[in-house]
Amino acid sequence: MPVTHTLAADAGLLRRQDPELADVLLAEEHRQSTTLQLTAAENFASPAVLAALGSPLANKYAEGYPGARHHGGCEIVDAAERLATDRARELFGAEHVNVQPHSGSSAVLAAYAALLRPGDTVLALSLAHGGHLTHGSPANFSGRWFDFVGYGVDAESGLVDHDQVRALARAHRPKAIVCGSIAYPRHLDHAFFREVADETGAYLIADAAHPIGLVAGGAAPSPVPYADVVCATTHKVLRGPRGGMILCGRELAERVDRAVFPFTQGGAQMHTIAAKAVAFGEARTPAFAVYAHRVVANARVLADHLADEGLIVTTGGTDTHLITADPGPLGVDGRTGRRLLAAAGMVLDCCPLPHGEARGLRLGTAALTTQGMGEQEMRTVGALLAGVLRGTSDAAGAREAVRELAEVHPPYPG
Ligand SMILES: *Cc1c(COP(=O)(O)O)cnc(C)c1O
């Protein structure tokens, strides 16, 4: 059933019982389908994924793992979790998968819990260069409980400074090295990180929250053969439900499982795990491989167009779904740019830039590509973005063009 029908039916039910909340759901559905979701971490999960999320599996308590639960009546939800883990293991070629982490951050927390003790030293991409909160932010458990040392990207090239990674690893002898970012548009050299980890006796944790969907579709290199533990989300390019997962080898399986439950989480969210199984089922199809490659092709076209329009595109382009760019040459900083673009219906984030203090713009093509947009639409979007940033296109006109583009490519046709 097309999701609009499901939403309409649910909205009818909600409208009778809770009109206030029904209005919120419909307003958000309207917002998502009349603006452009350029936030690099977002996507549109399929109607089948949403159906699993809205299923009665949400009612079931299931602490523990399939076949070894702390509650009765888990035989059926066990089958859902086994489907999810079997499919993910096959999809990523991993010996062991834990699909219970409630989010990407929970997955990272559990990975640290499995491998580290409080006070251990961890080497990760610094937050100012695109590290995630869980990579040592003082506002996050990671920065409070571990001693983080940050490596960076080269100010000129925007690429990870391999010499610095090696030097810091030799100097600090970290217990773990984390590779992964919220803003890095290029493939990471996993073999390089493995080599440094081996040389310095560190675990290698790959936080592949962003690219894991591209990995599933064969459009990005996999960290699985290199990292001791791979943390990921299921809701970014992978297009599943909001959630996390951990992939690892057989020898760390038990430590990872115990780090998720009972160490950092309670009952598994079985509706989300069922939705993860659905998403893995989708991700193993040839259609998803086509999608993943289109996401990258679209990002490359959009990055080229933005560079032609005068933005400074970090690293000169992208290998992935993700683009970071400095709009400075167009006369605006990242924060102002984000506000102007939001007013025109183009939703994206700010990010740090390798070459200075000013904020840049971070955007991605996962959601637009799910909507069926291609290279021609990317050129249209690039022109709209640049016109708004430069202040040459009138705001109402840009908003109308965005609305038309979104209407031609509805996230949930039908
Ligand atoms: C998105 C992301 C996370 C966190 O995911 P949440 O589900 O928001 O907790 C962690 N690490 C990286 C690198 C990410 O991009």
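Student: Which helix supplies the largest share of the shell around the ligand?

Tutor: A residue belongs to the shell if its C-beta atom, placed from the backbone, lies within 6 Å of the molecule. Here the largest share, three residues, comes from helix H5 (residues 104–115). Helices (H or I, at least four residues) and strands (E, at least two) are DSSP runs, numbered from the N terminus. Bear in mind that this is a predicted model, where local features need pLDDT of at least 70 and side-chain atom pairs count only at pLDDT 80 or more, while totals for chains, interfaces and linings use all residues. Residues are numbered from 1 along each chain as its sequence is written.

Student: How many residues surround the ligand, and which are the closest?

Tutor: There are 15 around the ligand, with Ser103, Gly104, Ser105, His132 and Ala209 the closest. By class, the shell has four nonpolar, 10 polar and one charged residues. For the classes, Ala, Val, Leu, Ile, Met, Phe, Trp, Tyr, Cys and Pro count as nonpolar, Asp, Glu, Lys and Arg as charged, and the others, Gly among them, as polar.

Student: Where does UniProt place the modified residue?

Tutor: The unreviewed UniProt entry puts "modified residue: N6-(pyridoxal phosphate)lysine" at Lys236. A word on such records: UniProt positions are given in the numbering used here, feature names are shortened, and annotations may be inferred rather than shown by experiment. In the model, Lys236 sits in the loop between strand E9 (229–233) and strand E10 (244–248).

Student: Is Lys236 buried or exposed?

Tutor: The general idea is to count other C-beta atoms, placed from the backbone, within 10 Å of a residue's own: 20 or more is buried, 12 or fewer is exposed, and anything in between is partly exposed. Lys236 is buried because it has 27 C-beta neighbours inside 10 Å.

Student: And which residues is Lys236 in contact with?

Tutor: Contact means that two C-beta atoms, placed from the backbone, lie within 7 Å. Skipping neighbours within four places in sequence, Lys236 has contacts with Ala41, Asn43, Ala209, His210, Gly213 and Ala366.

Student: Which residues does UniProt list for "binding site"?

Tutor: Leu127, Gly131, His132 and Leu133, again from an unreviewed entry. Take two of them. His132 is in the loop between strand E5 (121–125) and helix H6 (141–145), and Leu133 lies in the loop between E5 and H6 too. His132 has 24 C-beta neighbours inside 10 Å, so it counts as buried; Leu133 has 16, so it counts as partly exposed. Beyond four places in sequence, His132 is in contact with Ile182 and Asp207, and Leu133 touches Ala139 and Asn140.

Student: How do I read helix packing?

Tutor: Two packed helices are described by the angle between their axes and the distance between the axes. The axes are lines fitted to C-alpha atoms, for helices over the stretch in contact, and angles run from 0 to 180 degrees between N-to-C directions. Helix H4 (residues 75–92) and helix H11 (residues 270–283) have axes that come within 8 Å and cross at roughly 35 degrees. Their crossing is left-handed, meaning the near helix is turned anticlockwise from the far one by less than a right angle, with clockwise being right-handed. The contact between H4 and H11 has 12 nonpolar, one polar and three charged residues.

Student: At what angle do H12 and H15 pack?

Tutor: Helix H12 (residues 286–308) and helix H15 (residues 375–390) pack at about 35 degrees, with axes 9 Å apart. H12 passes H15 in a right-handed crossing. Among the residues making that contact are Val301 and Leu302 of H12 and Met378 and Leu385 of H15. By class, the tally is eight nonpolar, three polar and two charged.

Student: What about backbone oddities?

Tutor: Most residues other than glycine have a negative phi, and most peptide bonds are trans. In this model, a cis peptide bond joins Phe261 and Pro262, with omega about 10 degrees; Pro262 is in helix H10 (residues 253–264). Arg173, not a glycine, has a positive phi of about 45 degrees. Arg173 is in the loop between helix H7 (162–172) and strand E7 (176–179), and counts as exposed because it has 12 C-beta neighbours inside 10 Å. Thr315 is also not a glycine, and its phi is positive at about 60 degrees. With 19 C-beta neighbours inside 10 Å, Thr315 counts as partly exposed.
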